[in-house]
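I opened this notebook to record what I looked up in a structure that was new to me. The entries follow the order in which I turned to each topic.

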Amino acid sequence: MNNKTQSKAVDSELIRRLYFFFKPYRWWAIFAIGLTLAAAFLGTIRPKLTQIAVDDYIAVNDISGLLWIVALIGLALIGEFIILVANTYITRWFGQGALYSLRNAVYEKIQSLHVQFFDKNPIGRLITRTTSDIEALSSLLSDGVVNMIGDLFRIFFILGFMLMMSWELTIISILVLPILFYSTFWFKSKVRVSFLEVRDQIARLNSFVQEHINGMSVVQLFNREETEKEKFKDINADHRRAHLDTIFYFSIFWPVVEVLASIAMALVVWYGGARALGGAVTFGVLLAFIQYVRQFFAPIRGLSEKYNTLQSALASSERIFDVLDTEDMVPEPEIPQDKEKVSGHIEFKNVTFRYNEDEEVILKNVSFEANPGELLAIVGATGAGKSTIINLLLRYYDIDDGEILLDGINIKDMSINGLRKHFGLVLQDHSLFSGTIHDNITLGNDNISREQVIKAAKEVEAHNFISKLPGTYDFELRERGASLSMGQKQLICFVRAMVYDPEILILDEATSNVDSETEELVSKACVKMMKGRTSIVIAHRLSTIQGADRILVMHKGEIRESGPHQKLIAKDDGIYRKLYELQYKDQILVTSEQKP
């Protein structure tokens, strides 16, 4: 299959898939097409009425007949105006409806995708897919297709009226069409590639801006403004260059169309004028042909503009459907074995995992158990695989080998929602959103009452500071909770985990970013939250997990040691002992110096 055939097949498939979102409005679209055809007919009948007025009434000085024709031309103008107003509103209405459904579908898909997808796709690129790429379809889904049909029929109506009056002048008028067709196909082949490049550069630009605005404090701290500005200039230059390529092709194509229209007009005046002087053609016919030639190239220009819209829309559609077609690497089971409640027994059996096939193994034959109600702590150096265990337990990724069981059920046999509803998770990073504190805690769950939120906040020592804020639980947070301190953000995350009353609680470095005073509050909150729940705590600060029932010591993807704090600290050459001494060496030195 050559590239041209392949491109047509791709375009046809994209249009077919876009029709799925357009389908609920198909009857409105058919109605709009009918209105467009009526407007096209009324617009193209006016030159014919002008010819009748000149030849049948002005030429014989028939004033009453002329007034009648003038009235018909006026009615045609009024009718065309009313139809175009109604048609514009209807097409924009159902176009926005189709975009609404498509945008919802893309966002829903993004929400359902596995974490590995986000590891490989910049956030700015995904923002582009859900905003500007979908907006690029606006003109196509709104009035693009309908008006393309209208322009085609306008050309047919014009040719029909022209042939009715003079087939010779019609042939003269369309002599320039072969050149126009060649120019159009050349334009088509060039502009599609340019539009694909434009969409790529927009996504690249959005990714850079999003990343650097989020990290602006780091850029400013290390005085990297000039360096990042130069990087942005380079990306922006590529973006401008891609747009200039499209502008270049349009700057050639539009003058070609205008020149060909002028040549066609000149040919009609030259040949038709000579025929009119010889009496072979009436002046009314010549006047009508001049108007028709002017009208004939208007829909051709319109079709070229719509083709521009179509190419931009198809380029965007490819990227949108790339997201929608992304296969979920964490599949749902055909018959889920979900449980309403679990006791919280977790078991890893010989689990092996790597994030990508070409990367080293992260977990190597890992096996352990967490019994119901037990506090299990996981420690180890950076990169040992601690957070990976949590990612696998929540099925953000699927394991390569082994089994993970929850109450004896393989988590692959549970639905994603059915599995995760049993877990409460507090991360090192505070995932807060713009909105009220209440909304951030409930995440929009209407089944959670204000009383439940307040009760949970009191249990985790967060109610005191929330009640002092303006509006208390209705206090509006800025983006990522910028109006709160680090400790306050973390406490809200604790309330969120608590209010859902999970059977299993996971704390991943939950106290690493808070001050000592807040850490004390958080530690008290943790004790209350973990009571009666299976709890898994990942911590760098070993002081926070000394009361754990069991501590797993990870090293290079393997569990090297396991046991309570006192047992592990007693091993002179143990990894845990070394971690503890490194973390508290100053205190140990001071203690040894004070000994007599």
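**Entry 1: the whole protein**

I began with the surface, and I found that the protein exposes about 31100 Å², of which carbon and sulfur atoms supply 58%; such areas come from the Shrake-Rupley method with a 1.4 Å probe, and for residues only the protein chains shown count as cover. I noted at once that this is a predicted model, in which local features need pLDDT of at least 70 and side-chain atom pairs count only at pLDDT 80 or more, while totals for chains, interfaces and linings use all residues. Residues are numbered from 1 along each chain as its sequence is written, and side-chain values use heavy atoms, with hydrogens and water left out.

I then listed the secondary structure, which comes to 22 helices and twelve strands; these are DSSP runs numbered from the N terminus, with helices (H or I) of at least four residues and strands (E) of at least two. Of the 596 residues in the protein, 46% are buried, where buried means under 20% relative accessible area, exposed over 50%, and partly exposed in between, with a 1.4 Å probe and protein chains only. Among contacts with a separation of 6 or more, 78% are between residues 24 or more positions apart, contact meaning heavy atoms within 4.5 Å.

**Entry 2: the nonpolar cores**

Next I looked up the nonpolar cores, each a set of buried Ala, Val, Leu, Ile, Met, Phe, Trp, Tyr and Cys residues joined through side-chain atoms within 4.5 Å. The largest has 73 residues, and Phe-94, Leu-102, Leu-137 and Phe-297 have the most contacts inside it. Several helices supply at least two residues each to this core, including H1 (3–22), H3 (63–112) and H12 (283–324), and H12 gives the largest share, 19 residues. I followed Leu-137 further: leaving aside neighbours within four places in sequence, Leu-137 is in contact with Leu-18, Leu-99, Leu-102, Ala-313, Ser-317 and Ile-320. I also recorded a second, separate core of 43 residues, which includes Val-379, Leu-432, Met-498 and Leu-568.

**Entry 3: the aromatic rings**

How many aromatic pairs does the structure hold? I found 16, counting rings of Phe, Tyr and Trp (its six-membered ring) whose centres lie within 6.5 Å, with planes under 30 degrees apart taken as stacked, over 60 as edge-to-face and the rest as tilted.

The rings of Phe-41 and Phe-161 have centres 6.1 Å apart and planes at 40°, so I entered this pair as tilted. Because Phe-41 lies in helix H2 and Phe-161 in helix H7, the pair ties together parts that are 120 residues apart in sequence. Phe-41 is partly exposed at a relative accessible area of 35%, whereas Phe-161 is buried at 10%.

Phe-153 and Phe-157 also make a tilted pair, with ring centres 6.3 Å apart and planes at 50°; they are four residues apart in helix H7, and so about one helical turn separates them. Phe-153 is partly exposed, with a relative accessible area of 33%, and Phe-157 counts as partly exposed at 24%. These four belong to one aromatic cluster formed by Phe-41, Phe-153, Phe-156, Phe-157, Phe-161 and Tyr-292.

**Entry 4: an open sheet and its helices**

I turned to an open sheet of six strands, which has mixed pairing and the order E6-E9-E10-E3-E11-E12; two strands pair if DSSP finds at least two bridges between them. Strands E6 (423–426) and E12 (558–563) are the edges, each pairing on one side only, and the twist averages 15° from one strand to the next. Angles run from 0 to 180 degrees between N-to-C directions, on axes that are lines fitted to C-alpha atoms, for helices over the stretch in contact.

E6 runs parallel to E9 (residues 504–508), to which four bridges join it, and Gly-424 stands opposite Leu-505 in E9. Helix H18 (residues 486–499) packs on the sheet and touches E6 and E9, its direction making about 180° with that of E6.

**Entry 5: one buried asparagine**

Is Asn-440 buried or exposed? Asn-440, which has its place in helix H15 (residues 437–442), is buried, with a relative accessible area of 2%. Leaving aside neighbours within four places in sequence, Asn-440 is in contact with Leu-432, Phe-433, Gly-435, Leu-477 and Arg-496.
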